[in-house]
Each structure stands twice: as structure tokens, then as C-alpha cells.
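Visitor: I would like to learn how to read a structure one feature at a time. Please show me the general idea, then the case at hand.

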Amino acid sequence: SLGGIAASLAYLDYGIFDGRVLLGQHTSVYRARDYSGSLGWGKKLLPYFAGGVALKVNQSIFPNKTYFNYAADIGVLWNVKRSLDLGLTYSNISLKSGIGDVVSGLRLGAAWTVDKHLLLTASGELQKSEMDRLQVGGEYLIGNIENKKNITALRAGYQLNYPDPQLGGLNGLTMGLGFQFTQSTTLDYAIVPVGDLGASHRLSLTVKFDCPKRRKPVMVMAIEVPAEPEPAPAATPLQAAVVQPVPPRVVLKWVILEDSHFDFDSSVLRRSGM
């Protein structure tokens, strides 16, 4: 396999602001907004390790000025065991910037699948010369989990900035809601605090391509068929006194298990087969 690719587009509207000159006089109102996009690639490198890289572009538009930057992320994912994943990422490696220095740093995260309904997560972020963050969260799934469709996801989390906890108390609480229509289409919403600026509302649509439909596994059956009598030569009186049992004939019906939940040459059950 050559791995997988992913792309994203994002739009952020900061709202309407009052325009003023240096002396404070009001001139007009204006709207500030951001456009961004990314293209990523990832691949399984070792039996329990995967890696990936993403290229990102961002453009900020103000009344008489436009800023841009190009950056990259690189990360690895370690499947410690069937229910636990650890990830490490270095984000925002500056490639070219028209804004100035881009905030970059390390991110370490963990995801623990308690069961097929509950997922618990935690992450920490160490930014270069900027604010550090600690985040915890959880997700609970309701619906047709076996077939991965018509699933409602309830999410909640908490974010703490340090050493200056600007998002302490209830200001650090985040909440979200998601709905998975099919195995390949998901709609998500989240409300995220941003300190003195209030809260931001995030709406995202995720579409996956080339996702095979889940099929119920077909079992291999063994059918016992009585053996047909075979013509025998005429027996002597001595041979006729000895009755030889005829073993039954067994016919195996072989079928292919369509939806395998194991990696090649491995007995470890995949998460999709739990």
C-alpha cells in the first residue's frame, strides 16, 4: 500500500469590527476572516507504527492588507495495544511566512478505547515561546455502531493554558456533537472558548473515499452426507458373516470471509472488529 491521503479546507470569520484612525476617530466597519487548506499523507511504517506529513497554507484578510503563511506538520502514531494509541506531532514548521514567526511546538496525545461506545483522550502541547496547553476529553457513541451508520457522538473536553491559565474555570470547557450518516460521511459541531474573544463555533463535514461496505461474515459449514452403497463382488459364506462399516462422506463448503478483522499474518484483532 502507498498509504492514504487527506485534504481539508477551512474558513474562519472573526466578525465585524469598527475601523478607527490613529487618533481614535471612527471611519468604517470591516470584517476579518481567514482561509486555510491542507494536504496530508500517512502510511503504516512498522507493525505497530505509522507516520505522516501535512502541508498547510493560511491566508488572513483585513481591510487593506492580506497576510499568508505556508507550514508543515510531521507526526508518528504508536498502537501500544488494541485499545490504546499514542501520537507525537511537531506542528507548524514554517516554510514561508508573510505574517512573521509562526507558533510551532510539540504535541503529545493519547486515545483509550474503553469499549465500542466510549473513547477517552488526553493531550499536551508545548509551544515555542508561547502558551502551553493541557487538554482532556471524551466521546460517547449512540446508534448503529456495528454497521458504522446513523451514529450520534456526544463530546466534551476541558482545556487548561499554563503558566497563565487564561481559560480557567468554565471558560476552559468545550463541547461538541457529531453525526455519522454512513461509514464515509460525518458532520461535526464544536463550541470552543478563546478567552476574552468569547467562543468560536466550528462546523466540519468529513467525507472518506473508497470505504468498503461492511458485510456480515460468512461461516464455513461442514455437511455430512451419507455414503452411497457401492456394488460389491459376491461374497463367500465366510465373508458374508463379517459386516464392514462404511465411513460417512464429508463435504466441505468453502466460502470467503469478506470483512477480515485481522492484519496479514497477525492474530491481533483490529479495532473495527471489536
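Visitor: Is Glu146 buried, partly exposed or exposed, and what is its relative accessible area?

Guide: This is a predicted model. Buried means under 20% relative accessible area and exposed over 50%, with partly exposed in between. Glu146 has a relative accessible area of 40%, so Glu146 is partly exposed.

Visitor: With which residue does Glu146 form a salt bridge?

Guide: Side chains of opposite charge can pair when their charged atoms come close. Here the partner of Glu146 is Lys116, and the closest N and O atoms are 2.9 Å apart. Glu146 lies in the loop between β8 (132-144) and β9 (149-162), while Lys116 lies in the loop between β6 and β7, so the salt bridge ties together parts that are 30 residues apart in sequence. Lys116 is partly exposed at 43% relative accessibility.

Visitor: Which residues do salt bridges with shared partners join into one network?

Guide: That network consists of Arg107, Glu125 and Arg133.

Visitor: How many salt bridges does a search of the whole structure find?

Guide: The search finds 7. One of them is formed by Asp13 and Arg31, whose closest N and O atoms are 2.8 Å apart. Asp13 sits in strand β1 (residues 4-20) and Arg31 in strand β2 (residues 26-46), so this pair links distant parts of the chain, 18 residues apart. Both ends are partly exposed: Asp13 has 33% relative accessibility, and Arg31 has 36%.

Visitor: What is the N to O distance in the salt bridge between Asp73 and Lys56?

Guide: The distance is 3.1 Å. Asp73 belongs to strand β4 and Lys56 to strand β3 (residues 49-62), so the salt bridge ties together parts 17 residues apart in sequence. At 17% relative accessibility, Asp73 counts as buried. Lys56 has a relative accessible area of 24% and is partly exposed.

Visitor: Which residues is Asn69 in contact with, leaving aside its neighbours within four places in sequence?

Guide: To read a contact list, look up where the residue lies, then see which parts of the chain its partners come from. Asn69 is in strand β4 (residues 65-81). Its contacts are Lys56, Val57, Asn58, Lys96, Ser97, Gly98, Ile99 and Val102. Lys56, the salt-bridge partner of Asp73, is thus also in contact with Asn69.

Visitor: Why does Asn69 count as buried?

Guide: The cut-off for buried is under 20%. Asn69 has a relative accessible area of 11%, so Asn69 is buried.

Visitor: Where does Phe181 lie?

Guide: Phe181 lies in strand β10 (residues 173-182), and counts as partly exposed at 39% relative accessibility. With neighbours within four places in sequence left aside, Phe181 is in contact with Lys149, Asn150 and Leu187. Distance in sequence and distance in space can be read side by side. Phe181 and Thr152 are 29 residues apart in sequence, with their C-alpha atoms 9.0 Å apart in space.

Visitor: In which sense do strands β5 and β6 pair, and over how many bridges?

Guide: For paired strands, read the direction, the bridges and then the residues that face one another. Strand β5 (residues 84-97) and strand β6 (residues 105-113) are antiparallel, with 8 bridges. Ala111 in β6 stands opposite Asp85. β6 also runs antiparallel to strand β7 (residues 118-127), joined by 9 bridges. In β7, Leu120 is the bridge partner of Trp112. A hairpin of 4 residues joins β6 to β7.

Visitor: How many aromatic pairs does the count come to?

Guide: The count is 5. Among them is the pair of Phe62 and Tyr67: the ring centres are 6.0 Å apart and the planes are at 75°, so this pair is edge-to-face. Phe68 and Tyr70 also form an edge-to-face pair, 5.7 Å centre to centre with 65° between the planes. Phe68 is partly exposed at 31% relative accessibility, as is Tyr70 at 38%.

Visitor: How many helices and strands are there in the protein?

Guide: The protein has 1 helix and 14 strands. Of its 274 residues, 18% are buried. Its accessible surface comes to about 20400 Å², and 63% of that belongs to carbon and sulfur atoms.

Note on methods
Residues are numbered from 1 along each chain as its sequence is written. This is a predicted model: local features need pLDDT of at least 70, side-chain atom pairs count only at pLDDT 80 or more; totals for chains, interfaces and linings use all residues. Side-chain values use heavy atoms; hydrogens and water are left out. Helices (H or I, at least four residues) and strands (E, at least two) are DSSP runs, numbered from the N terminus. Buried means under 20% relative accessible area, exposed over 50%, partly exposed in between (1.4 Å probe, protein chains only). Contact means heavy atoms within 4.5 Å. Two strands pair if DSSP finds at least two bridges between them. Rings of Phe, Tyr and Trp (its six-membered ring) pair if their centres lie within 6.5 Å; planes under 30 degrees apart count as stacked, over 60 as edge-to-face and the rest as tilted. Accessible areas come from the Shrake-Rupley method with a 1.4 Å probe; for residues, only the protein chains shown count as cover. A salt bridge is a side-chain nitrogen of Lys or Arg within 4 Å of a carboxyl oxygen of Asp or Glu.
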